[in-house]
Amino acid sequence: MTAIDELFQRLKGSGKKAFMPFITAGDPNMAFTSKVLRRLEALGCSMAEVGFPYSDPIADGPVIQASYTRALGNKLKLQQIFDEIQSDRSERKMPLVAMVSYAIIHRQGQEGFIQAAKQAGFSGVIVPDLLVEESQTLSQLCRKHDFNLVQLVTPTTPPERALRIAEASSGFLYFVSVTGITGERTELPPDLVDRVGWIKERTSLPICIGFGISKPEHVKLLAPVCDGLIVGSAIVRCLEKAGESQEQALQSAEHLIASLLAALEPAKG
Amino acid sequence: MSTIDSTAPKIVDPKSPSSNPTTSASMQVPDASGRFGEFGGRYVPETLTRALEELVEEYQKARKDPDFQAELDELLHRFVGRPSPLYHAKRLSGLLGGAQIWLKREDLNHTGAHKINNTLGQALLTLRMKKTRVIAETGAGQHGVASATACAHFGLPCVVYMGAEDVRRQKPNVFSMRLMGAEVRPVESGSKTLRDAVNEAMRDWMSSVEHTHYIIGSVIGPHPFPQMVRDFQSVIGKECREQCLTSLGRLPDAIVACVGGGSNAAGMFYPFVQDTSVRLIGVEAGGRGQQSGEHASPLTYGSPGVLHGSYSYVMQDNDGQTSDVHSISAGLDYPGVGPEHSYWKDTKRVEYTSCRDDEAIESFDLLARNEGILTALETCHALAKAAQIAKTMSRDQHLVICLSGRGDKDAAELARLRGQEW
């Protein structure tokens, strides 16, 4: 059982929902990433998704793509991510899930990557460009190392395929809210609540919704039908000015997160 | 619905070439999961899966539909001008003093390159899938022009993503696309070249996939694109094979084609894969030198990895980040290559080599001055290597060059590179 599994078991017992910010590793450097993670934990975030910058992301919108470009522009290396995350490992209670493009995992070797990520303190990985059909090997290796492989379901996924993906997923199921790339949306699809509800009835796996969520209204609408919410671009946008003033960037992110966490409160049973 | 479930047990037919224990290249590739040997596959976000499955399904139906083939053949004949000639370059052959050189004149196609063979096929599929919008990426602009042309022909709206650097160096094509009603969106991210144009087109498709078809211009990308684009381009090799049998009474001794993503080479080579007497030579962009960042030759200097939805040779650093590449020609300035080329490299069916920028530029004059043909800078890479190879062959041997595109688009850039007035 991973720290993510334990977290959702705990939340289920208390009827609470997970709040999961996404941040980009090394934007603009790993020391700042560590600092952000400490503040997220202090704010009461349940877990955090750490994006590994990739040179050619396909599923990411302009905000996250630009954060990857900044991090890689500062010569961020994979080993630095692992080293820095590991250095805080003993103080951190909040589980971390890595968001990593398959090109990076393949280059390290699948098992080597899992071992390094686990040793650093990650409890699982989301691979946005590894379809369920291509994921058997990684999935087996993750099970062997007690590491979660979180799979994604999207609005274009047919129902029977969604169930197959849910079966293959571990830790939680990532429910992508929109047909598109990451980034804040004013409106979320009207049938989202129903679609999440449909799959929720058919799987025991926790379901977290991500993509497009940026406002307290979104949180209020979605929290009752899922087990957790993921907020990425809106937070990365707050943090993008960290190169100029770290404290200012952190404060604006904290302000946003506090408002989203407050919106989550009523759902806490 | 077709499946790409790789857990399904593989049915092994001892007579089928793909189960042959030797490493010889088969024409029975890819398999149901889009694999050419170990290469290819499908590494994309889940959002695109349904559209890719739909494309597989529609393409398989279309292949078996005589009406589809007839419509495409008619277009290729009357709109494109196929078959393209196989021309005996006698003066050039005499000058080099080696093999007889034959040019497969894809430059004479409507729009001036081989790219139109693929865009018409995919535009027809777009209509069959009842999709109402087309997006495309382009490097040199030839695929962009061919996409704009196919879309104008069928009345489909078309958006072409093109790296800002390529917009600069291939201006004539940008103008042509706009004249035919396509919207050209310059891409300012990353290296501002073909790779970034592919990224941007993929991102567009992530949001528009329900009504938009992405016409990928090369044998790259997730399954079924590498197979489908190869098949549409195979008209080059099929015609060439027949023309050789008619004109020479036999198959040629060698065929040379340039390789960026590798679509003209794949279309030329594929029908010859089992003709093992024919040497097949693919020429990558050698750029300014062998160091990473100075060339665009993943088959020559790279290693297998994942880029743009498939597993193939790629220029990557040890972290899996795509490396910057360089080529004088926008169409070859790409860090990846089609998975079937990786398969042909590892099975040793095709020899891959590279040609430097300066050699390519020099060879432009070879055909211009001796045969009266202006050649695209991409194709000049094949030309330069072919000239070297021809010299090592005897006069009664025959070498075919896939003359994939015309050079008018490069005139201004060539003048700039040579410090001449335009």
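**A tour of the chain B sheet and the A–B contact**

Begin by selecting B:Ala136 in this predicted model, and then look across to β6(B), where B:Val160 is the bridge partner of B:Ala136. Widening the selection to residues 133-138 and 158-163 of chain B brings up strands β5 and β6, which pair in the parallel sense over five bridges.

Next, add the remaining strands of this sheet, and you will have an open sheet of four strands in chain B, ordered β7-β6-β5-β8 with parallel pairing. Residues 183-187 (β7) and 212-215 (β8) of chain B mark the edges, and because each of these strands has a single partner strand, one side of each is left without a neighbour in the sheet. If you rotate the view, note that neighbouring strands are turned against each other by 25 degrees on average, direction ignored.

Now turn to the helices that lie across these strands. Select residues 194-208 of chain B to show α8, which lies across β5, β6, β7 and β8 of chain B and runs at about 160 degrees to β5(B); then select residues 115-128 of chain B for α4, which lies across β5 and β8 of chain B at about 165 degrees to β8(B).

Finally, display both chains, where 31 residues of chain A are in contact with 32 residues of chain B. On the chain A side, α3 (62-73), α5 (102-108) and β6 (152-153) each supply at least two of the touching residues, and the largest share, five residues, comes from α5(A). Colouring this side of chain A by residue class separates 16 nonpolar, nine polar and six charged residues.

Methods. Residues are numbered from 1 along each chain as its sequence is written. Chains are lettered from A and ligands numbered from 1 in the order in which they are written. This is a predicted model: local features need pLDDT of at least 70, side-chain atom pairs count only at pLDDT 80 or more; totals for chains, interfaces and linings use all residues. Two residues are in contact if their C-beta atoms, placed from the backbone, lie within 7 Å. Ala, Val, Leu, Ile, Met, Phe, Trp, Tyr, Cys and Pro count as nonpolar, Asp, Glu, Lys and Arg as charged, and the others, Gly among them, as polar. Two strands pair if DSSP finds at least two bridges between them. Axes are lines fitted to C-alpha atoms, for helices over the stretch in contact, and angles run from 0 to 180 degrees between N-to-C directions.
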